[in-house]
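Dear colleague,

Please find below the structure that I am handing over to you. My notes on what was found in it follow directly after.

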Amino acid sequence: MTDMGAVEHFLNVRVTRGQDFIQLDQQTYAEKILLKFADFLGPSSKIRKSPLPLDAMDRINQADSDLTPEEKEGVDNYPYRSLLGAMLYLSMNTRPDIAYAVGLLSRYASKPTRATCYLMTYLLQYVRGTVRKGIRFSSKHFDMHIFTDADWAGDVVSRRSTTGYIVFAAGGPLIWQSILQATVSTSSMQSEYQAMYAGMQELVWLRGVLDELGLRLREPTPFFLDSQSARDLALNPVFHKRSKHIEIKYHWVREHVDPDGLFNTAILYHVGTDDQTADIFTKSLCGVTFEKHRKRCLGEDRKSSVEVIREKTFKRRK
């Protein structure tokens, strides 16, 4: 076995070390994809400021019945699945900012439409303008914490909600996901509660892995959500009439947030929607809101869990 020094490249991921940070990016891989599919991207000067437009769902709902033969041929010849696979690889490794867009477009992989092809091109034009982006870890403290969120009935076709969560550690994103929930939620509280369940599953697994590596976390992990009703349901052992329809498995969350319980995995904090970083994984965002959450998700705007709690307390006092 030969020691080849510190890793610099691994599976198309570049590792850059600075004096006080480590950054992971896939610039070379993204540039290869953009070059390979340049014919579908329009003029090289065409870039986007967000992965999807705000009206993405409205565009998807437009029927393809009025397509001309030329337009139908364009859809049939569009390399939708190839592009989707390339974007999926980016979003899984170093680009949490495109996770929602990739998740949304993957729902139509079996039958792309003119609208989804347009949105795929839109996404690639965004990647073209942000090809150097990656995730950064720049804190001396591990400080693991998690944000979970849900967009109630956001999918206008199935009326299912989208779960989004992100786990931070050492000032950067460690794990993230944007996924359509398996069932229809009858209230925003239920969709948020299911998002909590998904985030808690990830958190329990991650704490177990860290424990096996000798990094046991003795304190509960800060868990941030923007639904006060979902937080109250998790902390209140009383089985309310309005929550009887929620599957038993989702109440597993309660065992892990009970401070006097066996696990004491997480401690719940309510944050405002403006400070809900996981919002970027549940819906199309643009402008200042998207830029704020993108910087946070990529580790460019580092914020510890203590700072989040402190800001929340300060805003409440104001």
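A residue is called exposed here when its relative accessible area is over 50%, buried when it is under 20%, and partly exposed in between. By that measure Asp66, with a relative accessible area of 54%, is exposed. Please bear in mind throughout that this is a predicted model.

Salt bridges

Asp66 is a convenient place to begin. Its side chain meets that of Arg114 in a salt bridge, at 3.8 Å from N to O. Arg114 belongs to helix 6, whereas Asp66 sits in the loop between helix 2 and helix 3 (69-76), so the pair ties together parts that are 48 residues apart in sequence. Arg114 has 30% relative accessibility and therefore counts as partly exposed. Glu71 also takes part, since Asp66, Glu71 and Arg114 are linked in a network of salt bridges.

A search of the whole structure finds 12 salt bridges. Among them is the one between the side chains of Arg216 and Asp211, at 3.0 Å from N to O. Arg216 is exposed at 52% relative accessibility, and Asp211 is partly exposed at 33%. Another joins the side chains of Asp279 and Lys283, with an N to O distance of 2.4 Å. Here the acidic partner, Asp279, is buried, with a relative accessible area of 6%, while Lys283 is partly exposed at 26%.

The sheet

An open sheet of 5 strands runs in the order 7-6-5-8-9, and its pairing is mixed. Why do strand 7 and strand 9 each have one side without a neighbour in the sheet? Strand 7 (172-180) and strand 9 (266-270) stand at the edges and each has a single partner strand, so one side of each is left free of a neighbour in the sheet. From one strand to the next, the twist averages 20 degrees.

Helix 10 (residues 287-297) packs on this sheet and touches strand 5 (145-151), strand 6 (162-169) and strand 7. The direction of helix 10 makes about 45 degrees with that of strand 6. Elsewhere in the sheet, strand 8 (residues 221-225) pairs with strand 9 in the parallel sense over 5 bridges. Within this pairing, Thr221 stands opposite Ala266 of strand 9.

Arg231 and its contacts

Arg231 lies in helix 8 (residues 228-235) and is partly exposed, with a relative accessible area of 22%. Leaving aside residues up to four places away in sequence, Arg231 touches Leu225, Leu268, Tyr269 and His270. Arg231 and Trp252 are separated by 21 residues in sequence and by 13 Å in space, C-alpha to C-alpha.

Helix 5

In helix 5 (residues 99-106), 7 of the 8 residues are buried, so this helix is largely enclosed by the rest of the structure. The buried residues are Ala99, Tyr100, Ala101, Val102, Gly103, Leu104 and Leu105. What do these buried residues of helix 5 pack against? Their partners are helix 2 (56-60), helix 4 (80-93), helix 6 (114-129), strand 6 and strand 7.

A nonpolar surface patch

On the surface, Val7, Phe10 and Leu11 form a nonpolar patch with about 310 Å² of accessible area together. Val7 lies in the segment before strand 1 (9-10) and is partly exposed, with a relative accessible area of 39%.

With kind regards

Note on methods
Residues are numbered from 1 along each chain as its sequence is written. This is a predicted model: local features need pLDDT of at least 70, side-chain atom pairs count only at pLDDT 80 or more; totals for chains, interfaces and linings use all residues. Side-chain values use heavy atoms; hydrogens and water are left out. Two strands pair if DSSP finds at least two bridges between them. Helices (H or I, at least four residues) and strands (E, at least two) are DSSP runs, numbered from the N terminus. Axes are lines fitted to C-alpha atoms, for helices over the stretch in contact, and angles run from 0 to 180 degrees between N-to-C directions. Contact means heavy atoms within 4.5 Å. Patches are made of residues with over 30% relative accessible area and no salt bridge: like charges are joined within 9 Å, nonpolar side chains (Val, Leu, Ile, Met, Phe, Trp, Tyr) within 5 Å. Accessible areas come from the Shrake-Rupley method with a 1.4 Å probe; for residues, only the protein chains shown count as cover. A salt bridge is a side-chain nitrogen of Lys or Arg within 4 Å of a carboxyl oxygen of Asp or Glu. Buried means under 20% relative accessible area, exposed over 50%, partly exposed in between (1.4 Å probe, protein chains only).
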